[in-house]
Amino acid sequence: MKQGRVKLMVDSRRLLRNAVPPCLWDWARARFGGVRQVPGWPTADAGGWTEAAASAVEGYEEGVRRMIEGAALSYLPTEEPVSWLHSDPQFHHRMVQLGLVAARMGGEHGALNILDYGGGFGVHALALKRLLPWLRFQYTVCELPAFCDLGRELNPDIRFVSTLADAGMGYDLVYASSSVQYMRDWRRLLGDLSAASSGGVFVTRTPFVLTRDTFVVMQRAYGTEYPGWVFNLREFVQAAQELGAGTQREVFVNGRGLAVRGASEPNVHLGLLFE
Ligand SMILES: C[S@@+](CC[C@H](N)C(=O)[O-])C[C@H]1O[C@@H](n2cnc3c(N)ncnc32)[C@H](O)[C@@H]1O
């Protein structure tokens, strides 16, 4: 009975998704979606990432099995390619982009020491293993303690630390995917990440606007709510270079950003490589 209800819900959602033109989706997401612009960073962070660890672990096994054994790094649809095209290719692009960056940074000697800041349970290391089986890499994830505890159980080959001081320095590649924007003091974090790197700094899955100033949004996901930045691209690149990340060498387009209620300019998710 319960399964029948779930299937009906999924089928209805799929039907709706395929029937509604993309421009109408964009409008509805901007009008009613779970991300809204707010005047500034809240004084006390509401909810937050600690609560997210437990809910993020749901579906982990399935995602990892697919990544290790699936026909494609993300997944190939057997049906309903239209709704699949809305979301999954972004993940695919980001992993291929990470593979390119890792191949570039580790190219000559085939070995790479990577720090993944805000790397969750370390899943991106599994994608790298699949894409670049010849690359010998050491992988350290810097995460909140709750993620580190679960991550050590799920991925014992990865080193988990909960502070950048514990992570240490001298990494060939410091990688931050969808994490810098969630830190109130993002400039300080960029400086710390740059100091940990002796090669490249790759900040990706990060929302940017091109003309307007950096602003703050509140986002609802993982059963919680948290603030985040949408950065002005020029300001961010200049800050990163001044803070020692190196010269900006490449811009990867991840895809469109989340629609933000109240924002005057749509944002785009980019990956910036500094060396
Ligand atoms: C949107 S998730 C991104 C996960 C993954 N990097 C990805 O791209 O799919 C943001 C991550 O940042 C982590 N995070 C939040 N605050 C942090 C902190 N102070 N130190 C380290 N990680 C933090 C969260 O726990 C969460 O896993």
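# A guided tour of the predicted model

The largest nonpolar core comprises 55 residues, and those with the most contacts inside it are Leu115, Leu173, Val174 and Leu193. Select these four to begin. The coordinates belong to a predicted model. In soluble globular proteins, nonpolar side chains tend to be buried together.

**The whole chain**

Before moving inward, colour the chain by secondary structure: 10 helices and 10 strands should appear. Of the 275 residues in the chain, 32% are buried. Among contacts with a separation of 6 or more, 73% are between residues 24 or more positions apart.

**Val174 in the core**

Select Val174, which lies in strand β5. Is Val174 buried or exposed? Val174 is buried, because 29 other C-beta atoms lie within 10 Å, and 20 or more suffice for that class. Leaving out residues up to four places away in sequence, Val174 touches Leu115, Tyr117, Leu193, Ala196, Ser197 and Val201. Now display the C-alpha atoms of Val174 and Asp116: they are 6.1 Å apart, although 58 residues separate the two along the chain.

**Leu193 and helix α9**

From Val174, step across to Leu193. Beyond its neighbours within four places in sequence, Leu193 is in contact with Tyr117, Val174, Ala176 and Val201. Next select helix α9, residues 186-196, whose buried residues are Trp186, Leu189, Leu190, Asp192, Leu193 and Ala196. These residues lie on the same side of α9, because they cover an arc of only 165° around the axis. An α-helix has 3.6 residues a turn, so residues three or four places apart point the same way. To see what this buried side faces, show β2 (111-117), α8 (164-167), β5 (171-177), β6, β8 (224-232) and α10 (233-242); the buried residues of α9 pack against these elements.

**The loop after β5 and the ligand**

Leave the core and select Ser178, found in the loop between β5 and α9. The phi angle of Ser178 is near 55°, a positive value in a residue other than glycine. Ser178 counts as partly exposed because it has 18 C-beta neighbours inside 10 Å.

With Ser178 still highlighted, display the ligand. Which residues come nearest to the ligand? Of the 14 residues around the ligand, the nearest are Trp49, Gly118, Ser177, Ser178 and Ser179. By residue class, the shell around the ligand divides into 6 nonpolar, 6 polar and 2 charged residues.

**Strands β6, β10 and β9**

Now select Arg205, which lies in strand β6. Its phi angle is near 50°, a positive value in a residue other than glycine. Arg205 is buried, because 24 other C-beta atoms lie within 10 Å.

Keep β6 on display and add strand β10, residues 268-274. The two strands run antiparallel and are joined by 6 bridges. For one pair, pick Phe202, whose bridge partner in β10 is Leu273. Strand β10 is mostly covered, with 6 of its 7 residues buried.

Then add strand β9, residues 248-256, which runs antiparallel to β10 and is joined to it by 7 bridges. Here, pick Phe252, whose bridge partner in β10 is Gly271.

**Strands β1, β7 and β8**

Turn next to strand β1, residues 35-38, which is joined to β7 by 4 bridges in an antiparallel arrangement. Within this pairing, Gln37 stands opposite Val217 in β7. How many bridges join β7 to β8? There are 7, and these strands also run antiparallel. To follow one of the pairs, select Gln219 and its bridge partner in β8, Tyr226.

**Thr214, the last stop**

Finish at Thr214, found in the loop between β6 (197-209) and β7 (215-221). Thr214 is partly exposed, because 16 other C-beta atoms lie within 10 Å. Beyond residues up to four places away in sequence, Thr214 touches Trp229, Val230, Phe231, Asn232 and Glu235. For a closing distance, show the C-alpha atoms of Thr214 and Val230: 16 residues apart along the chain, they are separated by 5.6 Å.

Methods:
Residues are numbered from 1 along each chain as its sequence is written. This is a predicted model: local features need pLDDT of at least 70, side-chain atom pairs count only at pLDDT 80 or more; totals for chains, interfaces and linings use all residues. A residue is near a molecule or strand if its C-beta atom, placed from the backbone, lies within 6 Å of it. Ala, Val, Leu, Ile, Met, Phe, Trp, Tyr, Cys and Pro count as nonpolar, Asp, Glu, Lys and Arg as charged, and the others, Gly among them, as polar. A nonpolar core is a set of buried Ala, Val, Leu, Ile, Met, Phe, Trp, Tyr and Cys residues joined through C-beta atoms within 7 Å. A residue is buried if 20 or more other C-beta atoms lie within 10 Å of its own, exposed if 12 or fewer, and partly exposed in between; C-beta atoms are placed from the backbone. Two residues are in contact if their C-beta atoms, placed from the backbone, lie within 7 Å. The arc is that of the directions from the helix axis to the C-beta atoms. Two strands pair if DSSP finds at least two bridges between them.
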